[in-house]
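Take a look at the chain below. Keep it in view while you read the report.

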Amino acid sequence: MPASARVTLCYGPYESNGAVGHRTFRLQGLQAALRARGHQCVLEETRERNVVELVVSGEVVFSCHIKQLQFGGDGQLDPVCREAVAAVENAH
């Protein structure tokens, strides 16, 4: 995968403090980790609750439950972020 891949982060709403909505706080570390490797991130809201999918060239290369991602941060210590970045870089 070229270092400048365009990665679409499709994310659904999840519950936090009793309210369900689309929030990007848990995506901050993932975005930071991808950008640190030279990738361009595009956020796209979906209707699928609790899900994050990374799409490269129209193909889903990684997905997880949004609450598996650490809240905030730079993604360096988050094992799920490392796995997601590896999936993007191994995409064809």
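The report goes from the whole chain to its sheet, its helices and some single residues.

## The whole chain

This is a predicted model, in which local features need pLDDT of at least 70 and side-chain atom pairs count only at pLDDT 80 or more, while totals for chains, interfaces and linings use all residues. Residues are numbered from 1 along each chain as its sequence is written, and side-chain values use heavy atoms, with hydrogens and water left out.

The protein chain has 2 helices and 6 strands. Helices (H or I, at least four residues) and strands (E, at least two) are DSSP runs, numbered from the N terminus. Along the sequence, the pattern reads β-β-β-α-β-β-β-α.

The C-alpha trace spans about 40 × 25 × 15 Å along its principal axes. The radius of gyration of the protein chain is 12 Å, which agrees with the value near 12 Å for a compact globule of 92 residues. That radius is taken over C-alpha atoms, and the globule rule is 2.2 Å times the number of residues to the power 0.38.

Of the 92 residues, 41% are buried. Buried means under 20% relative accessible area, exposed means over 50%, and partly exposed lies in between (1.4 Å probe, protein chains only). Contacts also link distant parts of the sequence. Among contacts between residues at least 6 apart in sequence, 66% join residues at least 24 apart. Contact means heavy atoms within 4.5 Å.

## The sheet

Four strands form an open sheet in the order β4-β1-β5-β6, with mixed pairing. β4 and β6 (59–65) stand at the edges with a single partner strand each, so one side of each has no neighbour in the sheet. From one strand to the next, the twist averages 20°.

Strands of a sheet pair through backbone hydrogen bonds, either parallel or antiparallel. Two strands count as paired here if DSSP finds at least two bridges between them. The table lists the pairs.

| Strands | Sense | Bridges | One bridge pair |
|---|---|---|---|
| β1 and β4 | parallel | 6 bridges | Y11 and E45 |
| β1 and β5 | antiparallel | 5 bridges | L9 and L54 |
| β5 and β6 | antiparallel | 6 bridges | E53 and S63 |

β5 and β6 form a hairpin with 2 residues between the strands, and S57 takes a positive phi near 50° there.

How many of the 6 residues of β1 are buried? The count is 5, so β1 is largely enclosed by the rest of the structure. T8 is found in this strand, β1. T8 is buried, with a relative accessible area of 15%. T8 stands opposite V42 in β4. Leaving aside neighbours within four places in sequence, T8 is in contact with V42, E44, E53, L54 and V55.

## The helices

Helix α1 covers residues 28–36, and G29, L30, Q31, A33 and L34 are buried in it. An α-helix has 3.6 residues a turn, so residues three or four places apart point the same way. What do the buried residues of α1 pack against? They meet β1 (6–11), β4 (40–45), β5 (51–56) and α2 (79–89).

Q31 gives a close view of α1. Q31 is buried, with a relative accessible area of 10%. Q31 touches L9, C41 and L43, not counting residues up to four places away in sequence. Just after α1, G38 takes a positive phi of about 90°.

α2 lies across β1, β5 and β6, and runs at about 170° to β6. Axes are lines fitted to C-alpha atoms, for helices over the stretch in contact, and angles run from 0 to 180 degrees between N-to-C directions.

## A loop residue and a ring

K67 is found in the loop between β6 and α2. Is K67 buried or partly exposed? K67 is partly exposed, with a relative accessible area of 41%. K67 touches Y14, E15 and R26, not counting residues up to four places away in sequence. The C-alpha atoms of K67 and V7 are separated by 20 Å, and the two residues are 60 apart along the chain.

Y14 also has a charge over its ring. R23 lies over the face of Y14, at 5.6 Å from the ring centre. A charge sits over a ring if NZ of Lys or CZ of Arg is within 6 Å of the ring centre and within 35 degrees of the ring normal.
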